[in-house]
6 protein chains.
Amino acid sequence: MSENWLPSLKTDTPQAGFELAVKLSRMAVKITQPSDEVRTRLRAAYEQDSEQLIATSHVVAVHFQTVAAANNWWR
Amino acid sequence: MSENWLPSLKTDTPQAGFELAVKLSRMAVKITQPSDEVRTRLRAAYEQDSEQLIATSHVVAVHFQTVAAANNWWR
Amino acid sequence: MSENWLPSLKTDTPQAGFELAVKLSRMAVKITQPSDEVRTRLRAAYEQDSEQLIATSHVVAVHFQTVAAANNWWR
Amino acid sequence: MSENWLPSLKTDTPQAGFELAVKLSRMAVKITQPSDEVRTRLRAAYEQDSEQLIATSHVVAVHFQTVAAANNWWR
Amino acid sequence: MSENWLPSLKTDTPQAGFELAVKLSRMAVKITQPSDEVRTRLRAAYEQDSEQLIATSHVVAVHFQTVAAANNWWR
Amino acid sequence: MSENWLPSLKTDTPQAGFELAVKLSRMAVKITQPSDEVRTRLRAAYEQDSEQLIATSHVVAVHFQTVAAANNWWR
């Protein structure tokens, strides 16, 4: 995790901000479970589970609040 | 997901903002589970499940905070 | 859902704002599950389930944050 | 629910604000489940269930954010 | 619960603010379940349950937002 | 827990802020369950459980909001 994966919260567009929010939600999982193999296996299960998809969407929503504020809501 | 589906967080009315919040909550699911077939199947189950409907409503509420702030609460 | 059900986030009192938050939490469910018949059936179950009542209260709390901010906390 | 139970979000102290947050979390439950008899029965169960106690504490935390902001954090 | 347990949201340091957030999360539980005996028994179970530990950490995070804002983020 | 583990919410970069958010989410668990032995055992289980990984990511997201605000979003 030594690479620089989050140079800024600024994005050119709301959509790019949303994609950054998705990335942030995944990075927290990656930091807790660094094994690509385990994450890939878990993903095969949870992407068929609506409860977990909704839970993932929730995390994205929280990060999107942060990214949107950082970009002054792209006003 | 190359299309431009989120050009702005600005909406003319609070109600349009609420509908955008619903869209945002669904897009995060779509990014995690891109298969229309799988999402349609999951939807048939969760739309009969009050726990998941409440969880979905929660995600919409978080996005609505963001959209409302972006629109200065349509004051 | 073509009716205008959310003309404004402004309310005269905190209590009216709280009631609007309850309405917002229900509208998101209604958008996801438009069938009155299904929602009525689900309601009969979840209103006897404390976990789901707490989850509903949580969604109301998130919307109340939004409505309260929109009204400058009725200061 | 015709009584005026929420005249203001202002409180004299942080502690009174916290108590108001507890009240708000309960009122949302009461609006969804108006029967005192049912709520009393549910309470007997969930007050012995740590998961639900934590979930309740979470709702209080969200409302406390709102009340604290309304009071400018009692600065 | 007549004692004055929350005189202020101001703390000297971020760490003291974090400890206050922990206290706030516990006080909401205590208000809902005032019995020390019951809470002690529940604690023995949930402190061995990672799901509930994460849920507790979540509540602390929400309160820490409030306390940090109250202290202008100790800038 | 007498050591000074949170001197400031300021970080030089967004990525360092994200790492601080991860630390905050873990410290709340540590305060509730101080035993390293128990936490290590629990970790072995939950890091294989996608639901708990998502829940952890959620807590990080809440703390990241706080840290990002404290740093004025590293603008």
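Buried area is the accessible area that two parts lose on being put together, summed over both. With that in mind, I shall present a predicted model, beginning with the contact between chain A and chain F.

Chain A and chain F bury about 2500 Å² between them, and carbon and sulfur atoms account for 64% of that area. In this contact, 32 residues of chain A meet 26 residues of chain F. The rule finds 0 salt bridges across this interface. Polar contacts, by comparison, are present: 13 residue pairs between chain A and chain F are joined in this way, with both residues at pLDDT 80 or more.

Which elements of chain A give two or more residues to the side that touches chain F? They are α1 (14–32), α2 (36–46) and α3 (50–70) of chain A. The most comes from α3(A), with 11 residues. By class, this side of chain A has 18 nonpolar, 12 polar and 2 charged residues.

I turn now to chain E and chain F. Here chain E contributes 26 residues to the contact and chain F contributes 32 residues. The area buried between chain E and chain F is about 2500 Å², with 64% on carbon and sulfur atoms. On the chain E side, E:Q15, E:F18 and E:I54 supply 24% of the area that chain E buries against chain F, more than any other three residues.

For this pair of chains, too, I give the polar terms. Between chain E and chain F there are 0 salt bridges by the rule, and 13 residue pairs are in polar contact, both residues being at pLDDT 80 or more. The side of chain E that touches chain F draws two or more residues from each of α1 (14–32), α2 (36–46) and α3 (50–70) of chain E. The most is given by α3(E), with 13 residues. This side of chain E divides into 13 nonpolar, 7 polar and 6 charged residues.

How are these two chains related? A turn of 60° and a shift of 0.0 Å along the axis lay chain E on chain F with an RMSD of 0.0 Å. That is the relation of a six-fold axis. Within chain E, the residue that comes closest to the rotation axis is E:V62, whose C-alpha lies at 6.8 Å.

Why do we say that the copies meet through different surfaces? Only 19% of the interface residues of chain E are also interface residues in chain F, so the surfaces through which the copies meet are different.

Let me add a local detail in chain E. The residue E:D36 is found in helix α2 of chain E. Its side chain is joined to that of E:R39 by a polar contact of 2.7 Å. The C-alpha atom of E:D36 is separated by 20 Å from that of E:L20, and these residues are 16 apart along the chain.

Finally, I come to the aromatic rings. Over all chains, the structure holds 18 aromatic pairs. One of them is the pair of C:F64 and C:W74, which is stacked, with 5.8 Å centre to centre and 20° between the planes. C:F64 lies in helix α3 (residues 50–70) of chain C, whereas C:W74 lies in the segment after α3 of chain C, so this pair ties together parts that are 10 residues apart in sequence.

Thank you for your attention.

Terms used. Residues are numbered from 1 along each chain as its sequence is written. Chains are lettered from A and ligands numbered from 1 in the order in which they are written. This is a predicted model: local features need pLDDT of at least 70, side-chain atom pairs count only at pLDDT 80 or more; totals for chains, interfaces and linings use all residues. Side-chain values use heavy atoms; hydrogens and water are left out. Contact means heavy atoms within 4.5 Å. Buried area is the accessible area (1.4 Å probe) that two parts lose on being put together, summed over both. A salt bridge is a side-chain nitrogen of Lys or Arg within 4 Å of a carboxyl oxygen of Asp or Glu. A polar contact is a pair of N or O atoms within 3.5 Å; within protein, one must be able to donate a hydrogen and the other to accept it, and residues adjacent in sequence count only if both atoms are side-chain atoms. Helices (H or I, at least four residues) and strands (E, at least two) are DSSP runs, numbered from the N terminus. Ala, Val, Leu, Ile, Met, Phe, Trp, Tyr, Cys and Pro count as nonpolar, Asp, Glu, Lys and Arg as charged, and the others, Gly among them, as polar. Copies are superposed by least squares on the C-alpha atoms of residues with pLDDT of at least 70 in both. Rings of Phe, Tyr and Trp (its six-membered ring) pair if their centres lie within 6.5 Å; planes under 30 degrees apart count as stacked, over 60 as edge-to-face and the rest as tilted.
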